[in-house]
Amino acid sequence: MKKKLVVLSGAGISAESGIKTFRDSGGLWEGHDVMEVASPEGWRRNQDLVQDFYNQRRKQAKECQPNEAHLKLASLENFFDVSIITQNVDDLHEKAGSTKVIHLHGELSKAQSSIDPKLIYNLDHWEIKKGDKCEKGSQLRPFIVWFGEAVPKMDEAIQLAMQADIFIVVGTSMQVYPAAGLLDYVPKQALTFLIDPNSPGSGLRRDIVYIQKKATEGMKDLEELLLGQNF
Ligand code: OAD
């Protein structure tokens, strides 16, 4: 039976595909107050601005291609039972060929009813327009988990983390909860790796193998290491 390899990815894995991260300098939030574009209050205050912000993100994501880090994670399915828990709202893991992907913070490629969060629709175009409505007659909004909103996929993600034989954290600043808390559920005996070019500082658990590289280079090293071992 294949070993369970569970991945927690963040904005850093898509950086080399041309999507800006949130908290690096030059990051997406610059010029935008987070609460303005990523909170229910911001949506109530200025729907046009929020809709436009995510329309632009959606347009950009459609043009982006997965990089070697996404591709390597997809090809590891040949050797491991791989599940990806991503905080990213782009679809680059899917484009790379990964088959088990959980989006903790929503998906740009979908729209959600603004009165019933269970009503979610696939979008085949990049723009949600004013007047685009759900079947209950309310304006469609981006399917994004905003600050202060529940993270419905969290239980599923916790179950996966608890079953990991190998756990890989890649490209996340681990500043946003509950996602950052997933590491606490990883079994002590699981081999745990962190790939990030910037040091997470002193908070790193001692048993985590830290690969201080960009996602593409770090995944290359890690793939060699994992395939070289007899799991
Ligand atoms: P952040 O922007 O907070 O962190 C990005 C991480 O990627 C940082 O630790 C960088 O050092 C690292 N990084 C930068 N370039 C990299 C590269 N080429 N390869 C690997 N790592 C690289 O992004 P997240 O941790 O994903 O939520 O942010 C978490 C959540 O905060 C997001 O999902 C978003 C935001 O608010 C929502 O949109 C709801």
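I began at the boundary between domain 1 and domain 2, where I found 4 residue pairs in polar contact, both residues at pLDDT 80 or more (a pair of N or O atoms within 3.5 Å, one able to donate a hydrogen and the other to accept it, with residues adjacent in sequence counting only if both atoms are side-chain atoms). For salt bridges (a side-chain nitrogen of Lys or Arg within 4 Å of a carboxyl oxygen of Asp or Glu), I noted a count of 0 between the two domains.

I kept in mind that the model is predicted, with local features needing pLDDT of at least 70, side-chain atom pairs counting only at pLDDT 80 or more, and totals for chains, interfaces and linings using all residues. Residues are numbered from 1 along each chain as its sequence is written, and side-chain values use heavy atoms, without hydrogens or water.

I then looked up the division itself, whose bounds come from an automatic or database domain assignment: domain 1 covers 1-19 + 67-105 + 153-231, and domain 2 covers 20-63 + 106-144. The contact (heavy atoms within 4.5 Å) takes 17 residues from domain 1 and 13 residues from domain 2.

Next I checked the buried area (accessible area, 1.4 Å probe, that two parts lose on being put together, summed over both), which is about 1,100 Å² between the domains, carbon and sulfur atoms giving 54%. In domain 1, Ala 11, Ile 19 and Val 89 lose the most area to domain 2, together 41% of what that side buries.

Last, I turned to helix 4 (residues 47-63), numbered from the N terminus among DSSP runs of H or I with at least four residues, strands being E runs of at least two. Its buried residues (under 20% relative accessible area, 1.4 Å probe, protein chains only) include Phe 53, Tyr 54 and Arg 57, and the buried residues pack against helix 2, helix 3, helix 6, strand 4 and strand 6.

Key:
Buried < 20%, exposed > 50% of the residue type's maximum accessible area, 1.4 Å probe, protein only.
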